[in-house]
Amino acid sequence: MTDTTIRRIHARRVWDSRGRPTVEAEVTTARGAVGRAIAPAGASTGSGEAVDRRDGGKAFGGLDVQHALGAIRTEIAPALAGMDAADQAAVDRRLIALDGTGNKSRLGGNATIAVSMAVAHAAAAAHDMPLWRWLAGSAADGPIVMPVPEIQIFGGGAHADARVDLQDFMVVCPAATTFAQALDWTAEVYRTAGAIMAEGGRRQGVADEGGWWPAFADNEEAMATLTQAIERAGFRAGEEVAIALDVAATQFGRDGAYRLRLDERSYDRGEWAARVAEWVGRYPIVSVEDPMAEDDPEGMAAVTAAIADRALVVGDDFLVTNAGRIQAAAAAKACTAALIKPNQAGTLTETKAALDAARAAGMRTIVSARSGETEDVTVAHLAVGWQADQLKVGSFARSERMAKWNEALRIEEALGERARFRAARVFPGGRA
Ligand code: 2PG
Ligand code: MG
């Protein structure tokens, strides 16, 4: 038998893609297998997320993580020593009990997710398996469905100093037949979009996740320019390559009122839902994330009623990778897909429970990275191992993004003939 007993857990401070401190955990088993993982960090966070523990004070804008590292060293490491890394559920139960709060605020969600993911990596390493295979369990020997990549072309919102109000202008490739081909097509669209911006004298670098900086006169111009980029790159917009938006409306909506700074317009709930539906009608949009604020389930249900036959309605800040919230949203018909972010939940087991709840409710599932990322590629393995419908890790530039796309490419290659890619079925109206 492989010995997966946890012998040692080491915590170190490393740096994320925004140059901010973050938590890395390294788990070593009795036989010397090592698993390592790094906590990511969001910028547009939901209020129901697991809480990142940050030190405050002067250093690094108050964002240092010495307390979270201390929690791993003095509390988590001793509590998990001797436990079985292969029993993820038991490890995560211990983490949750040790924290004792509803939102990981005592130990820090950044401490718990780094440890939880590192434990999974250690168990996989002890079995001499890639993480996706360890997570897939007995399913690993059959056909494996690769996730559809959802890739940002223009950044915005909290990732671009609110230069435009909407956050992510992304593409998906419903007609691609492999994960690799979806990346090929996206590379052409990304490059073409950059060329269009340069022609207009509007190319001003990239936003936090690598998407082109959104130098637009209004929010809708981003959608029009993206449609133009898809077509000029040689694709049929909506069929071969389509648009996916993350509105991230919690950033500009409160109490049922929505204010677009750039457009200098305010909307009430009904008007805003109608505006979003109008965009879905006018542009080749097949997915809309957080169209309404996290405190507006009524608005989410209104948008879902209006567009669900044409586009996915995705909950991110609205659901915060929480199984209970996902069940409630399904009952209220408030969305049709769930974003799944490990650090919103704080442990891998809770992340998987959220994904299972979404799937059981008939929702689509999108495993997602954060705007603050690192070279850690765990999410690529989660998306494949759990056979999520989509993978969202930002744009097609900057190595903290490309590391994940490239890892998924390697996995698809390793799967060979066992890899399946059925992009069209993910979106409403797509073929099975
Ligand atoms: C989101 C993510 C990724 P953040 O809103 O979906 O784009 O952003 O990590 O800042 O929450
Ligand atoms: Mg989002």
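**Notes on the ligand 1 site**

1. Start with the company ligand 1 keeps: the residues of its shell split into eight charged, five polar and two nonpolar. Keep in mind that this is a predicted model. There are 15 residues around ligand 1, and those that come nearest are Ala43, His159, Arg370, Ser371 and Lys392.

2. Where does ligand 1 lie relative to domain 1 and domain 2? Domain 1 (6–128) and domain 2 (140–426) each supply residues to the shell, so ligand 1 lies between them.

3. Now for the polar contacts, where oxygen atoms of the ligand come up repeatedly. Arginine 370 places a polar side-chain atom 2.7 Å from an oxygen atom of ligand 1. With serine 44 the backbone is involved: one of its N or O atoms lies 2.8 Å from a ligand oxygen. For aspartate 246, a side-chain N or O atom is 3.1 Å from an oxygen atom of ligand 1. As for cover, the protein hides 99% of the 310 Å² of accessible area that ligand 1 has on its own.

4. A look at cavities fits with this. Searching the whole structure turns up two cavities of 30 Å³ or more. The largest has a volume of about 110 Å³, and 18 residues line it, with Glu209, Lys341, Ala369, Arg370 and Ser371 closest to its centre. What takes up the space of the largest cavity? That space is taken by ligand 1.

5. If you want residues to click on, try Arg370 and Ser371: both are among the nearest to ligand 1, and both are among the closest to the centre of the largest cavity.

Terms used
Residues numbered from 1 in each chain as written. Chains lettered and ligands numbered in written order. Predicted model: local features only at pLDDT ≥ 70, side-chain atom pairs only at ≥ 80, totals over all residues. Heavy atoms only, no water. Near = heavy atom within 4 Å. Polar contact = N/O pair within 3.5 Å; in protein donor to acceptor, adjacent residues only side chain to side chain. Areas by Shrake-Rupley, 256 points an atom, 1.4 Å probe, with all protein chains shown as cover. 1 Å grid on protein atoms, 1.4 Å probe; cavity = no way out; pocket = protein on both sides within 12 Å on 5 of 7 lines; lining within 4 Å. Sits in = over half its atoms within 2 Å of the grid points. Nonpolar A, V, L, I, M, F, W, Y, C, P; charged D, E, K, R; others polar. Domains from an automatic or database assignment. Points joined across faces, edges and corners; volume = space filled by probe spheres on them.
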